[in-house]
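The following explanation is intended for a reader who meets this structure for the first time. Please keep the sequence and the three-dimensional view at hand while reading.

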Amino acid sequence: MSPMNAQSQIEPPLGLILELTHRCPLQCPYCSNPLALERAHDELPAAIWLDVLDQAAALGVMQVHFSGGEPTAYQALPRLVARAADRGIYTNLITSGVTLDRARLARLAEAGLDHVQISFQDVQPDSADRIAGYAGAHARKLAAAARVREAGLALTLNFVVHRHNAQRVPRMIELGEELGAGRVEIAHVQYYGWGLINRAALLPTRAQLDAVTAAVEAGRARLKGKLVIDYVVPDYYARRPKACMGGWARRFINVSPAGRALPCQAAETLPGFEFPSVRDRSLAEIWQRDPAFARFRGTEWMPEPCRSCERREIDWGGCRCQAFALTGDAARTDPACALAPDHELILAAVAERPATPPAFVYRRMEGTQPSRTASAVITSK
Ligand code: SF4
Ligand code: SF4
């Protein structure tokens, strides 16, 4: 097959994740942003984002997720939403909710925003604020969620669960009902970046995991047809890994605040890659021809046991960033898989889970040198 034929068989990406900024008033210890956060002066100007949205529509992208950091901190957000809506792309705002006041929400709704996803740290206010590192965050989120429904927009509540809040999953689902959400996402922490630094502080027990799974199943049975409950299980207790991002460069393009195009948010942690920038390359060229995007796409790159495994086109070998974070080699089978040669690394982490969790290392701008706090740091804004 000629290279051109091979390229023409690459399906367009389903979604585009625009990390407009890494600025965020919260400090979640499992934040999916990289440890080295990008500064405001490096952020792309609106003109480039607008052009990226035009290109995305031409490429066949169906949905755009405005993310961050806190995307409402990016001033031109309503213009970007309007452009995406005008091009017929479904628009989703992924927000902490703490800055989503009435005026801001009205501008976004007017611009054509379709959906809002608000992240919650817990249902118990003092615990939620401690995890977020922000006094009063929980109350602001509740108010923002109510405003989203008043504005007639679709709402998802996202709860990241771990050892400090796993016992309150039934109440999380109830909160979704009370706030009129159409979807609740219960997602265990993913352990790379900030989550990996805080693994000992966050990893639940097997019994906690089983209780969360039972709560999700009970909620699904009780609320069938009324509320969708998505569930992201923790790799550390799974026998097989998840298909990270639906497979490397198969469904999503993530663009960092400075414009680097990535197959997933954590990909910048991988050494030896030169990820292309939307400042000087088109989205189509990046998607179809960039070597970094092609590197782990499909099954050709796979080592054994993935290469001859019947699940190779289901989980695509798991997460490349997790493979690198744990083994130092992004091309190895994800250690989360029980068949992986490095699976003992996962078993050891579970066995070494401390009975008393260490203090959180909060997500901070000085992220390349994270500092462990002796106690929860609460900031207000
Ligand atoms: S996970 Fe927390 S700190 Fe990270 S961007 Fe979201 S709200 Fe901000
Ligand atoms: S061996 Fe590879 S393809 Fe098979 S289940 Fe494990 S990670 Fe997935």
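The paragraphs below proceed from the sheet to the helices, the core, the ligands and two individual residues.

The model is a predicted one. A suitable starting point is its open sheet, which has 9 strands in the order S7-S6-S5-S4-S3-S2-S1-S8-S9 and shows mixed pairing. Strand S7 (228-232) and S9 stand at the edges with a single partner strand each, so one side of each has no neighbour in the sheet. Elsewhere in the sheet, S3 and strand S4 (residues 115-120) run parallel and are joined by 4 bridges. Ile 94 has Gln 117 in S4 as its bridge partner.

Helices pack on this sheet. Helix H6 (residues 137-150) touches S4 and strand S5 (154-161), and its direction makes about 165 degrees with that of S4. Helix H7 (residues 169-178) touches S5, strand S6 (183-188) and S7, and its direction makes about 155 degrees with that of S6.

Strand S8 (residues 252-255) deserves a closer look. In a regular strand, side chains alternate between the two faces of the sheet. In S8 both faces are covered: Phe 252 and Asn 254 are buried on one side, and Ile 253 and Val 255 are buried on the other. Strand S1 (residues 15-19) pairs with S8 in the parallel sense over 4 bridges, and Ile 17 stands opposite Asn 254. Strand S9 (residues 261-262), by contrast, runs antiparallel to S8 and is joined to it by 2 bridges; here Val 255 stands opposite Ala 261. The hairpin of S8 and S9 has 5 residues between the strands, and in it Gly 259 takes a positive phi near 105 degrees.

Helix H3 (residues 77-86) has Leu 77, Leu 80, Val 81, Ala 82, Arg 83 and Ala 84 as buried residues. These buried residues pack against helix H2 (46-59), strand S2 (63-67), strand S3 (90-95) and helix H4 (102-111). After H3 comes Gly 88, with a positive phi near 80 degrees. In the loop between S2 and H3 lies Gln 75. Why does Gln 75 count as exposed? The reason is that Gln 75 has 10 C-beta neighbours inside 10 Å, and a residue is exposed if this number is 12 or fewer. Gln 75 and Leu 20 are 55 residues apart in sequence, with their C-alpha atoms 9.8 Å apart in space.

The largest nonpolar core comprises 105 residues, and Val 64, Phe 66, Val 169, Ile 186 and Cys 321 have the most contacts inside it. Apart from neighbours within four places in sequence, Cys 321 is in contact with Tyr 192, Cys 264, Ala 266, Ala 267, Thr 269 and Leu 270.

Two ligand surroundings may be considered next. The residues around ligand 1 include Cys 24, Cys 28, Cys 31, Glu 70 and Arg 363, and the shell divides into 4 nonpolar, 6 polar and 2 charged residues. Around ligand 2 there are 14 residues, of which Cys 306, Cys 309, Arg 311, Cys 337 and Leu 339 come nearest. The shell of ligand 2 divides into 6 nonpolar, 3 polar and 5 charged residues.

Finally, Pro 125 is placed in helix H5 (residues 125-132). Pro 125 counts as partly exposed because it has 16 C-beta neighbours inside 10 Å. Not counting residues up to four places away in sequence, Pro 125 touches His 138 and Ala 139. Pro 125 and Gly 152 are 27 residues apart in sequence and 26 Å apart in space, C-alpha to C-alpha.

Technical notes. Residues numbered from 1 in each chain as written. Chains lettered and ligands numbered in written order. Predicted model: local features only at pLDDT ≥ 70, side-chain atom pairs only at ≥ 80, totals over all residues. Buried ≥ 20, exposed ≤ 12 C-beta atoms within 10 Å, placed from the backbone. Contact = placed C-beta atoms within 7 Å. Pairing = 2+ DSSP bridges. Near = placed C-beta within 6 Å. Nonpolar A, V, L, I, M, F, W, Y, C, P; charged D, E, K, R; others polar. Core = buried A, V, L, I, M, F, W, Y, C linked by C-beta atoms within 7 Å. Axes fitted to C-alpha atoms, helices over the stretch in contact; angles between N-to-C directions.
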